[in-house]
Amino acid sequence: MMETARHDAFVVHTVKAAEPAAGPARRPEAAPLIQDEETAAKRRSRRIALGRLAVAVMIFVVWELFTRYGWLDKYYWSSPSAILRTTWTQMTQGTLLRDIAYTSGSTIIGFITGTLFGSLLGLSFWWSKSYAGISEPYLIILNALPKLALAPVLVILLGIGFFSKVALAFSMTVVVSALSAYSGVKSVDPDMEKLMYSLGAKRHQVFVKVVVPWSMPWMISSLRINIALALAGAIVGEFIASSQGVGRMIMYAGTILDINLVWVGVVVLSLLSMLMYWGVVLLERWLSKGFVK
Amino acid sequence: MTHKIEISGVSKWFRRNGEDIPAMQETNLQIEEGRFVSIIGPSGCGKSTLFNIIAGLIPPSSGKVLADGENIVGKAGYVGYMLQKDMLLPWRTILDNIILGMEVKGVPYKEAVKRALPLMEKYGLKGFDKHYPKELSGGMRQRAALLRTLLYDRDIILLDEPFGALDAQTRLTMQNWLLQIWEDFGKTVLFVTHDIDEAIYLSDDIYVFSARPGRIKAKITVTMPRPRKTEDMTSPAFMELKHHLMDLLSAGHDDREQIS
């Protein structure tokens, strides 16, 4: 239905809605196609989970069969069943559990101290552009420097005990954290600082209320890389000289040509690394609460 | 008689590549208490520079800014300042954003909330206190930003194109909302805009700035009675003033084109 009204410079066509005009939208009988995104997404995520599991099972089955029938040399490649057996004996009769505690202990302590100290260092660059400018090239050099190459020096300096492993894990993480926090600091919106000053804020208030929370996502993003780096640092420290740890166990197994035991070490480290990664993801989630943009 | 704000001989020069560039020529303004004053002019005419100077965020090259007879050059925090973007902190809830000014001043949290909640309720943000800025529409975010400025509790408020990024309909709603607040609180408002309709509809006085380097070209007092209604925007008197302002602004535009 259309009604037309003429004015001097324009014409109005009024369109009337069909009865009933008001009320909730009604679905016409001839509209069977309704987009259902929820069910589709649910189905997809189930398919992905199943697919992942299938791949893992396949890898182990193929590995086991190939070594059992001699397509892969059992001496070098070991086999899942042999690794499981050796792990069990090492756990019950050997020192595997103590080694795991040793390695994860030095990794976690190095990770936490390195990340904290590095982040604080990176954040501190906000306070003075000159100080940041002087420090930046040295930070980049330190980042490029292969810290693992310094491992022998650190072990000689700090002894073959726990502390040298922590120091290596620390040195692996501290520069990455400092650089991440610094990029966060550099990206702070100057208008946000302006707003704070216009509200009469002092510099330390701007730092606490804007700069730190703003840089949080940058600092958080370095966590996942850092946990892997810290573990690598701790293991290399154990390779060089140690009386305990999973790294030392692998080194020892290698020298006595017990390749089964080397595999046990590799598998245990992979599991440990996955576990820590998962822990970091949880930590990330906890830290991100309220800092999401 | 002392004016609420008095700007005398304020200019701003920048040095780039060894050359001295004027951003704002010597400017004089006197604003009386409780007035709604708009500044209108082409982009880059130094309106934001003037605001930054009044807010104490940058020093002028010459001149003084007096508020209640006191020199406030370089004194950040003497006036309330709302920037173009809403600048709500994304990691804070709306409520925590609104009380930011009080928090900086050291008002205890509970008391700040007690003052903020009734205002949120009265001015269209009821029930949004626990939401995060990204969950709100542009208009709502501007409301929150303005309430934050209001709760900072200064007599003078600077608004730098607060509705510039909003669509035409939201903008209209927000203009009426702002007038309501201005009438309720009786603050002295300085308002920068590009929009001629907005300037006429809201203001008591309109200062027209010339193109860069900025200088005041004209002061116009709008005598249209208050409270104003949306229909006033189509009245003959409104149209006449709009026409006049367009002439003033386009004249400045021609000048600039002849120079460049």
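The questions and answers below concern a predicted model of two chains, A and B, and ask what supports the terms used for its helices, strands and contacts.

Q: Why are α7(A) and α9(A) called roughly antiparallel?
A: Helix α7 (residues 162-186) of chain A packs with helix α9 (residues 203-240) of chain A at an angle of about 155 degrees, the axes lying 7 Å apart. Angles over 145 count as roughly antiparallel, and therefore α7(A) is roughly antiparallel to α9(A).

Q: What is the hand of the crossing of α7(A) and α9(A), and which classes of residue make up their contact?
A: The crossing of α7(A) and α9(A) is right-handed, and the contact has 16 nonpolar, 13 polar and two charged residues.

Q: How do you know that β3 and β8 of chain B pair, and in which sense?
A: Two strands count as paired if there are at least two bridges between them, and strand β3 (residues 36-40) of chain B shares five bridges with strand β8 (residues 188-193) of chain B, so the two are paired, and the sense is parallel. Within the two strands, B:F36 stands opposite B:V189 in β8(B).

Q: What makes β6 and β10 of chain B the edge strands of their sheet?
A: The sheet is open and has six strands in the order β6-β7-β8-β3-β9-β10 (chain B), with mixed pairing. Strands β6 (80-82) and β10 (216-221) of chain B each pair on one side only, and they are the edge strands. From one strand to the next, the twist averages 15 degrees.

Q: Which helix packs on this sheet, and what angle does its direction make with that of β6(B)?
A: Helix α5 (residues 138-151) of chain B packs on the sheet, where it touches β6 and β7 (156-160) of chain B, and the direction of α5 makes about 170 degrees with that of β6(B). Because angles over 145 count as roughly antiparallel, α5 of chain B can be called roughly antiparallel to β6(B).

Q: How do you know that β4(B) pairs with β5(B), and what do the two strands form?
A: The cut-off for pairing is at least two bridges, and β4(B) and strand β5 (residues 70-71) of chain B have two bridges in the antiparallel sense, so they pair. B:L66 stands opposite B:N71 in β5(B). The two strands form a hairpin with two residues between them, and B:D68 in the turn has a positive phi of about 50 degrees.

Q: Which other strand of chain B is joined to β4, and by how many bridges?
A: Strand β1 (residues 5-16) of chain B is joined to strand β4 (residues 62-67) of chain B by five bridges, and the two run antiparallel; B:S11 stands opposite B:S62 in β4(B).

Q: What makes up the contact between the two domains of chain A?
A: The domain assignment gives domain 1 (42-76) and domain 2 (78-288) of chain A, whose centres, taken over C-alpha atoms, are 31 Å apart. Domain 1 of chain A gives eight residues to the contact and domain 2 of chain A gives five residues. On the domain 1 side, the largest share, five residues, comes from α1(A).

Q: Which element gives the most to the side of chain A that touches chain B?
A: The contact takes 15 residues from chain A and 16 residues from chain B, and α8(A) gives the most to the chain A side, with six residues. By class, that side has eight nonpolar, four polar and three charged residues.

Key
Residues numbered from 1 in each chain as written. Chains lettered and ligands numbered in written order. Predicted model: local features only at pLDDT ≥ 70, side-chain atom pairs only at ≥ 80, totals over all residues. Helix = DSSP H or I, 4+ residues; strand = E, 2+ residues; numbered from the N terminus. Axes fitted to C-alpha atoms, helices over the stretch in contact; angles between N-to-C directions. Contact = placed C-beta atoms within 7 Å. Parallel < 35°, antiparallel > 145°, perpendicular 65-115°, else oblique. Left-handed = near helix turned anticlockwise from the far one by under 90°. Nonpolar A, V, L, I, M, F, W, Y, C, P; charged D, E, K, R; others polar. Domains from an automatic or database assignment.
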